[in-house]
Structure formats: C-alpha cells, structure tokens
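Welcome, and please open the model in your viewer with cartoon and side-chain display ready. We will go from stop to stop, with a selection to make at each one.

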Amino acid sequence: MPTFISGQWIHDIRWRPASRLILIATLAVSLTSTVAQNPERGDTRNQQSGMSTGVAHAPVKDALSRPITAGGFVDGAPVIFADVTHAAGLDKFHHRSGTPDKGTILETPGSGVALIDYDNDGWLDIYLVNGSTFPVLKGKEAPPRAMLLHNNRDGTFTDVTDKAGVANERWGFGAAVGDYDRDGWPDIYVSNFGKNRLYHNNHDGTFTDVAEKAGVGLGGWSTGPTWGDYDHDGLLDLFVPGYVKFDPDHPPIAGKEGLPPGFCQFRGIDVMCGPRGLPGEGDHLFHNNGDGTFTDVSVKAGVSDTRGYYGLASVFVDVDDDGWPDLLVANDSVPKYLYRNKHDGTFEDISYLSGFALNDEGREQASMGIAVGDYNRDGRVDFLVTNFSDDYNTLYSNDGEATFSDVSFAAGIANVTIPFLGWGAGFLDYDNDGLLDIFVANGHVYPGVDKQDWGSTYAQRPLLFRNSNGAKFEEVPPATGSGLAVVVSARGAAFGDLFNDGHIDAVLNVIDSTPVLLRNVVSNKNHWLAIRLIGGPKSPRDAIGAKVFVTTGAVRQRGDVFSGGSYASSSDQRLHFGLGAATKVDKLEIQWPSGAKEEIRIPSVDRIFTMVEGKGIVEP
C-alpha cells in the first residue's frame, strides 16, 4: 500500500531491502527539514506539532468494555511477576513531575531507574531518579529528592540517600551506571533539566558530585545517557542525548509566544506542545581523559546532532561485531540515529542505510526507549524500540553488516502494542528457557486520554511477550491481581536479579507516584547461569562492551554488557542466561572490550560467577 512520507505518497515501500534503503536515503534531507526550518521555534508554518504517530486506530477493549491498556486481565492465568513494592519498602519513594494536568512538555517524560551494586556486596541496590516542579525552579518550595535504596538481602530495601549524598534535588530524567575511573566501584551519571551530576563512588557508602570538576555538568535538558569505551583506551566515555530547548519562563503554549491557536493538538484535542515544532537540544560525547576529567568531542566525533533531533534514550553496543562499540539514539517523533564506529575517534551516520532510522513503512516514529539483546540466537545483537500510542513498538532484527529489518508484524508484537505508549523496555529470559523475552513499561503523556473513547488510558499495564521459537512472540496473559495487571503511568524500567535467585525482576519508575517492584515468581525446573565480568588493564574495569557466548548442546546464546538503554535507565550489568533443561555449559566464550578472547570452563549451573580478564573464575 502507498505510504505518506514528508508530504508525498510513496508506493511499494516494501520492496527488497536494497531498494528500500536507497529510497529512504533520498528522503533524509526532506525528513530532517520538517523539524528544523525555524531554529528559534521550529516550523510553525506547516503545523508540524506534537508527537509523530501512525494513523488513529479504533479502540481496543476487553470483555468488560475496559480499554485494553488498563484491562484484559485473565483470571487463573499463571502468575509471572508479583508486585512486592510495599513489602520491599519501595513505596517510601514518590515521584513528582510538574502538575497533574501536564500543561508543558517538561512535565511529561518522567524519570528513569538504575540498578547498581554501589557497595560491592554482590546484591543489587536501586537508584530512583525524581522530577521536580516549576515552584521548585523558582525556589518557592523544597525540591523532590532521588532515592538510593540499599538491598538488605532479605527482600527489603533501606533508604540510604542522605548518607550516600545522591538526592540530586534537580529535575531529573536519566541515570547510567559505569566505573569511569577504573577503581572497581560503580559511579552514577544523572541527567537533568539544568546541570547534570556525576556521582563518584567513594568506596564507603557515599558519593561525591564531581560533574563540574569533570566537565560533564552541561545544562539545558539531558535525557537517557550511556557509558562506553568508544576509542578502545580502556576508559569509559560518556554520551548524553538532549531533548528540546525549553524556557520555564516562556513555555510553548498554543496561542502564545508566536504559536497559533490550535497548534498543539492530538486527535483534535488540545494538549501540551511538542516536541515537533520546538527546537531540539544537541547531543554530547565526552571523552574520558583518564585524570578524572572529560573533553567534549561531540562535533569532532560526528555525533553532536546537528539536525536538532529529540533524543530520549541511547546505548553503546557493537552492532556490526567489528570489536568497536557503535552508538544508537532513540529520537522522539523524528528518525532514529545509528552511528557506526570508524575506529579513529569518529562515527559514521548510517541511520538510514542501516534501516534503523525509520520503520518498515519508511516512517519516523515517536521513539522512547531501546532494548538490546540477541532474541533469535543468531549471534547478532537485535533491538526493540518503544513508541507512542497509535503506533507499534518496533523490533529490529540484525541482518549482519550493520543492516536491520523491521520484523515487528512478522514477530507478532506490532498489533498488540498499538494502543499502548511504551517507555522503558528490556530483553530478559523471564522463564529461563534460553530464549529472550520482551518486557515493556507503558503509560500515556496526555492525562486527557481518560476522557476520550480512544481505547487508551493515562495509566497502563505493562506488556510481557514470551519468545516462542526465536522468531515469534506471544503476549503473556496478565493474570488478575498479579504484577502484569498493575495499571500505572510507568516511565523508566530496569531489569536484574535483585534477589540473587536466578530470576530476572523489574523495577519501574512511575510518574507522579510510587515505583513498582515486580518480583519474578516463575517456578519451573529450568536452569540458569549469571556472570559478573571484571575487565583487565586494557578494558573498562566493569567490562562494559564485553560479549559473552554460552553454548549448551546445539544452542548458542549471546549476552552484551552495556550501560543505559531502556528509557533513561540502567540495568543489571551481570549477564544472565536461561539454560532450559541443560545441566551443564558446554562452552563459554568471552570477547573482552580490549579485543582479548577467552574460553572458560563452567563447573556448574544455577550460580553467579565472577570472572576476571585473563584470570578466569575468581571468588566474588
């Protein structure tokens, strides 16, 4: 069927991949010009405002006439996750972001969450980023605070924010964990509206904000950061995407400041303005100088975002398996970025030629988060990108040589996700069967959707898709009263084994509310293996950028160590492999960031092993 792209109808967009890539490459200039014609306000002449979505869809409702985003619960279905938020003590944290009516874009994206073993005791702790309010920005009320929760190893968590010194007290959005100074202790970068923070781990349960001294404080509006050693010097570098340029004293409001009345609408209803029609914030790459400071090399490296796109999530990962980390950026309502590492300190923008910039219809999407994982076990890393409602989440299969295909419909995830508005997401093997499944946190940005019969709601339940055969996914029924039936307006999502029991759990940061801790309660006889990597002198100490391949029988799985991704969040950097019925690992291969390769014998399964580059398995 014909597709409408940048003011023109394109026929036969689903030609062979080579034809499609040539077509979308020729449209790159046209697509980018629609968001950058007016550098001060954006293009108001063609009414290009709001979010980029697909066409409006008919409401999807369950048997009780509830919108499917807040319904569809199944009595008697197997319980996968249990909501243990209160029992674990996480409900002492409460997120705030502006006012309930969400009159401006600053109030709508919400914040992320990071899983970090900050005290190196072998148990994951939780860092929840908080937002803020306009009165706080003017000094008229006390600021909301981020929260660091220490894992007590008994299913509960204790607030240690004051002792740790990580309250942030700025309008926070993202967090990424990485050991930037190679001292063996994880540090936290927090992105804000305003100055960012780099919390250096002092090894004693406390942190010191060294962002200004390090040269990574920035300003403006930063979103989902990522750490990665892009130049192979063994030191983690930092990428920080920017969203939109926003002035709290002169927020974009239809009918004011040069914006025409009715400029900011969704489905004919007045909503907050943006991001399209607003000037985009630039992106920044900081090179680690090895002395506690960083140098902004964004322009030199070719990743400064000269088009002024609206970045929300980013991740360093090696997409073409040449041993060098590449960079992906999920942009809101404009094409996505894929930068290929050229091995000389610079990147090549292959967003269009790779097939990652647009979906299979040749259309930009309002992208929020990125999940990373080899779901089809072909040895190449694939991606899931979450998108706005009235559009589908996009599953990109890696075809090799840095090219990707949108297989969302063929894989069975597209139609289900259309009513939902996706944010944080991850590939995780929730049932330890050896196939990566998909978890998506959802929640709308327009509170007014609850007043419309659109089949969508402001608060939404999460989605879990079971990988059935490496090619197809099936929605896991949300058992009534279970964690999959929690209806919230979620944003950030992080995944990891919080209880060291061999099952992957999820933490969701919920806008204007308490977070959600979903404990994996699947009970079966499947086996598992978890690996913590420690890099040698020529690798980052936390081994970000490493790849691990685990072989059991005829099955070979891949895991990548990365920081960031999801939406503004950072997950467990230990690699988890479900092994199914296998009781032994036949082969474990590690490709370290330094380029070194090792094969290590695994003595048993159902355990967490610590491995040091060049030394094999060590005691944790």
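**First stop: a hairpin.** Select G400 and T403: G400 stands opposite T403, which belongs to strand 25. Keep in mind as you look that this is a predicted model. Now extend the selection to strand 24, residues 394-400, and strand 25, residues 403-406; the two pair in the antiparallel sense over 4 bridges. The hairpin they form has 2 residues between the strands, and E401 takes a positive phi near 55 degrees there.

**Zoom out.** Show the whole chain as a cartoon. You should be looking at 9 helices and 40 strands. The radius of gyration is 22 Å, close to the 25 Å that the globule rule gives for 620 residues, so the protein is as compact as a globular protein of that length. If you like to set a box around the C-alpha trace, it spans about 65 × 50 × 50 Å along the principal axes. Colour by accessibility next: of the 620 residues, 64% count as buried.

**A loop residue.** Which loop holds Y375? Select Y375 and you will find it between strand 22 and strand 23 (382-387). Is Y375 buried or exposed? With a relative accessibility of 4%, Y375 counts as buried, because the cut-off for that class is under 20%. Add V319 to the selection and draw a C-alpha to C-alpha distance: Y375 and V319 are 14 Å apart in space and 56 residues apart in sequence.

**A mixed sheet.** Select strands 36, 33, 39 and 40. In that order they make an open sheet of 4 strands with mixed pairing. Look at the edges, where strand 36 (575-580) and strand 40 each have a single partner strand, so one side of each is left without a neighbour in the sheet. From one strand to the next, the twist averages 35 degrees. Now isolate strand 33 and strand 36: they run antiparallel and are joined by 5 bridges. To see one facing pair, pick A530, which stands opposite H576 in strand 36.

**The second largest pocket.** Stay with this sheet and turn on a surface. The second largest pocket holds about 670 Å³ of space. Its lining has 33 residues, and those closest to the centre are D117, N120, R532, R574 and T610. Which elements give two or more residues to this lining? Select strand 4 (113-116), strand 33 (527-534), strand 39 (607-612) and strand 40 (616-618) to see them. Strand 39 gives the largest share, 4 residues. Colour the lining by class and you get 16 nonpolar, 7 polar and 10 charged residues.

**Into the closed spaces.** Rolling a probe the size of a water molecule over the atoms shows where empty space is left. How many cavities of 30 Å³ or more does a search of the whole structure find? The search finds 4. Begin with the largest cavity, which has a volume of about 540 Å³. Among its 32 lining residues, the closest to the centre are F427, F562, D572, R574 and L575. You may recognise R574 from the previous stop, where it is one of the residues closest to the centre of the second largest pocket.

Next, highlight strand 22 (367-373), strand 26 (422-428), strand 30 (490-496), strand 35 (555-560) and strand 36, each of which supplies at least two residues of the largest cavity's lining. By class, this lining divides into 14 nonpolar, 11 polar and 7 charged residues.

Now move to the second largest cavity, with about 100 Å³ of space. Select R267, D390, P419, W454 and S456, the closest to its centre of the 14 residues that line it. The lining here has 7 nonpolar, 5 polar and 2 charged residues.

**Last stop: an antiparallel sheet.** Strand 35, which you highlighted at the largest cavity, leads to another open sheet. This one has 4 strands in the order 35-34-37-38, with antiparallel pairing. Strand 35 and strand 38 (597-599) are its edge strands, each pairing on one side only. Direction ignored, neighbouring strands of this sheet are turned by 15 degrees against each other on average. Finish with strand 34 (residues 547-552) and strand 35, an antiparallel pair joined by 6 bridges. Click on K547, and look across to its bridge partner D560 in strand 35.

Conventions
Residues are numbered from 1 along each chain as its sequence is written. This is a predicted model: local features need pLDDT of at least 70, side-chain atom pairs count only at pLDDT 80 or more; totals for chains, interfaces and linings use all residues. Side-chain values use heavy atoms; hydrogens and water are left out. On a 1 Å grid over the protein atoms alone, a cavity is a set of points where a 1.4 Å probe fits but cannot get out, and a pocket is an open set with protein on both sides within 12 Å along at least five of seven lines; lining residues have an atom within 4 Å of a point. Grid points are joined across faces, edges and corners, and a volume is the space filled by probe spheres set on the points. Ala, Val, Leu, Ile, Met, Phe, Trp, Tyr, Cys and Pro count as nonpolar, Asp, Glu, Lys and Arg as charged, and the others, Gly among them, as polar. Two strands pair if DSSP finds at least two bridges between them. Axes are lines fitted to C-alpha atoms, for helices over the stretch in contact, and angles run from 0 to 180 degrees between N-to-C directions. The radius of gyration is taken over C-alpha atoms; the globule rule is 2.2 Å times the number of residues to the power 0.38. Buried means under 20% relative accessible area, exposed over 50%, partly exposed in between (1.4 Å probe, protein chains only).
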